[in-house]
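Please open the model in your viewer and keep the sequence panel beside it, since this tour moves from one selection to the next.

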Amino acid sequence: MQPVCPECGNELVQTGNGAHCEHCQRDFTAQARCPDCHQPLEVLKACGAVDYFCQHGHGLISKKRVEWAVSAR
């Protein structure tokens with residue numbers, strides 16, 4: 001699930017170190033969290049693929065299940 005803008009509800013575009021709302025023209029910090037324990041996920045990047053890993057016992061997390069915590073910069 002893509003993160004959404006807390007201001008207008010539009011999908012955010014992921015940038016190198018966060019997210020950007022093209023509608024509001026605002027930048028946000030987006031943190032991937034585990035849907036089971038709500039702890040931050042480790043982001044694994046290899047060969048163009050991005051995977052998420054929970055270090056608190058839930059293992060690999062599908063990007064469809066990732067919770068996004070979005071806050072203004």
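The stops below go from confidence to the interior, then to the charged pairs and a patch on the surface.

Begin by colouring the chain by pLDDT, bearing in mind that this is a predicted model. The protein chain averages a pLDDT of 92, and 99% of the residues score at least 70. If you then step through the elements, strand E1 (residues 13-15) has the lowest mean pLDDT, at 88, while E6 has the highest, at 96.

Next, select Ala32, Cys34, Leu41, Tyr52, Cys54, Ile61 and Val66, and show their side chains; these seven residues constitute the largest nonpolar core. In soluble globular proteins, nonpolar side chains tend to be buried together. Within this selection, centre the view on alanine 32 and display its surroundings: leaving aside residues up to four places away in sequence, alanine 32 is in contact with Gln39, Pro40, Leu41, Tyr52, Val66, Glu67 and Trp68. A second core, separate from the one containing alanine 32, has six residues, among them Cys5, Leu12, Ala19 and Cys21.

Now turn to the charged side chains, where a search of the whole structure finds two salt bridges. For one of them, select glutamate 7 and arginine 26, whose side chains meet with an N to O distance of 3.2 Å. Because glutamate 7 belongs to the segment before E1 and arginine 26 to strand E3 (residues 26-33), this pair ties together parts that are 19 residues apart in sequence. With the surface switched on, glutamate 7 is exposed, at a relative accessible area of 53%, whereas arginine 26 is partly exposed, at 31%.

For the other salt bridge, select aspartate 36 and arginine 65, and look for the closest N and O atoms, which are 3.0 Å apart. Aspartate 36 sits in the loop between E3 and strand E4 (42-46) and arginine 65 in the loop between E6 and strand E7 (67-72), so here the parts tied together are 29 residues apart in sequence. Both partners are partly exposed, aspartate 36 with a relative accessibility of 40% and arginine 65 with a relative accessible area of 41%.

Finally, keep the surface on and select Leu44, Phe53 and Leu60, which form a nonpolar patch on the surface with about 260 Å² of accessible area together. Is leucine 60, taken by itself, buried or exposed? Leucine 60, which is placed in strand E6 (residues 59-61), has a relative accessible area of 62% and therefore counts as exposed, the cut-off being over 50%.

Notes. Residues are numbered from 1 along each chain as its sequence is written. This is a predicted model: local features need pLDDT of at least 70, side-chain atom pairs count only at pLDDT 80 or more; totals for chains, interfaces and linings use all residues. Side-chain values use heavy atoms; hydrogens and water are left out. Patches are made of residues with over 30% relative accessible area and no salt bridge: like charges are joined within 9 Å, nonpolar side chains (Val, Leu, Ile, Met, Phe, Trp, Tyr) within 5 Å. Accessible areas come from the Shrake-Rupley method with a 1.4 Å probe; for residues, only the protein chains shown count as cover. A salt bridge is a side-chain nitrogen of Lys or Arg within 4 Å of a carboxyl oxygen of Asp or Glu. Helices (H or I, at least four residues) and strands (E, at least two) are DSSP runs, numbered from the N terminus. Buried means under 20% relative accessible area, exposed over 50%, partly exposed in between (1.4 Å probe, protein chains only). pLDDT is the predictor's confidence in each residue, from 0 to 100. A nonpolar core is a set of buried Ala, Val, Leu, Ile, Met, Phe, Trp, Tyr and Cys residues joined through side-chain atoms within 4.5 Å. Contact means heavy atoms within 4.5 Å.
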